[in-house]
Amino acid sequence: MKLCAAGFALLWSLIVLGQEKELQFNLYFEHDQYHLAPDQRIRIDSLLSLPNKELYDVHINGFTNNIGPKQYNLELSRKRAENVKKLMRPFTIISSIGKGPLESEAAANRRVEIIFHPK
């Protein structure tokens, strides 16, 4: 699930060269947490170091796994999305939404999607 700096550079070079597709990156969270762990903070710092931030619109979607009450998970997903939104301020944020729990208890469901759209 980890993408190294070289991987980020490759993907972003494709956008800079004119690719018109959206790109999605996922950040993962520990159980019942909405602050990023250090390894995930490194990933977002890589995104923040990218040039030409004004060329992209960003959508942020927060999720949880389905452990616990639905309303609690909805609020946790919102907090995750808002926390990432604060970190992504250098970009144009179009939306930041907590979408609540996904269908299973899988750790991969404890995430925030960051979707980049070329303007």
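## Asn109, strand S4 and an aromatic cluster

The side chain of Asn109 makes a polar contact with the side chain of Ser104 at 3.0 Å, where a polar contact is a pair of N or O atoms within 3.5 Å, of which, within protein, one must be able to donate a hydrogen and the other to accept it, residues adjacent in sequence counting only if both atoms are side-chain atoms. The model is predicted, so local features need pLDDT of at least 70 and side-chain atom pairs count only at pLDDT 80 or more, while totals for chains, interfaces and linings use all residues. Residues are numbered from 1 along each chain as its sequence is written, and side-chain values use heavy atoms, with hydrogens and water left out.

Asn109 lies in the loop between strand S3 (92-101) and strand S4 (111-118); helices (H or I, at least four residues) and strands (E, at least two) are DSSP runs numbered from the N terminus. With a relative accessibility of 11%, Asn109 counts as buried, a term that means under 20% relative accessible area, whereas exposed means over 50% and partly exposed lies in between (1.4 Å probe, protein chains only). Leaving aside residues up to four places away in sequence, Asn109 touches Phe63, Thr64, Asn65, Leu102, Glu103 and Ser104, contact being heavy atoms within 4.5 Å.

Strand S4, which follows this loop, is mostly covered, with six of its eight residues buried. S4 runs antiparallel to S1, to which six bridges join it, and it also pairs with S2 in the antiparallel sense over seven bridges; two strands pair if DSSP finds at least two bridges between them. Within these pairings, Tyr28 has Arg111 in S4 as its bridge partner, and Ile60 stands opposite Ile114 in S4. The charged end of Arg111 also sits over the ring of Phe63, 5.0 Å from its centre, a description that requires NZ of Lys or CZ of Arg within 6 Å of the ring centre and within 35 degrees of the ring normal.

A search of the whole structure finds three aromatic pairs. Rings of Phe, Tyr and Trp (its six-membered ring) pair if their centres lie within 6.5 Å, and planes under 30 degrees apart count as stacked, over 60 as edge-to-face and the rest as tilted. Two of the pairs that involve Phe116 are set out here.

| Pair | Geometry | Centre to centre | Angle between planes |
|---|---|---|---|
| Phe25 and Phe116 | edge-to-face | 5.9 Å | 80° |
| Tyr56 and Phe116 | edge-to-face | 6.3 Å | 90° |

Phe25 in strand S1 (residues 23-28) and Phe116 in strand S4 are 91 residues apart, and their pair links distant parts of the chain. Tyr56 lies in strand S2 (residues 56-64) and Phe116 in strand S4, so that pair ties together parts that are 60 residues apart in sequence. Both Phe25 and Phe116 are buried, Tyr56 is buried as well, and Phe25, Tyr56, Phe91 and Phe116 form one aromatic cluster.

In helix H2 (residues 38-48), the buried residues are Gln40, Arg43, Ile44, Ser46 and Leu47. Seen down the axis of H2, these buried residues fall within an arc of 150°, so they line one face of the helix; the arc is that of the directions from the helix axis to the C-beta atoms. Pro38 and Ile42, on the other side of H2, are exposed.

Two loop residues remain to be described. Asp32, in the loop between S1 and H2, has a positive phi near 65° although it is a residue other than glycine, and it is partly exposed, with a relative accessible area of 36%. Asn52, in the loop between H2 and S2, has a phi near 60°, likewise a positive value in a residue other than glycine, and is partly exposed at 33% relative accessible area.
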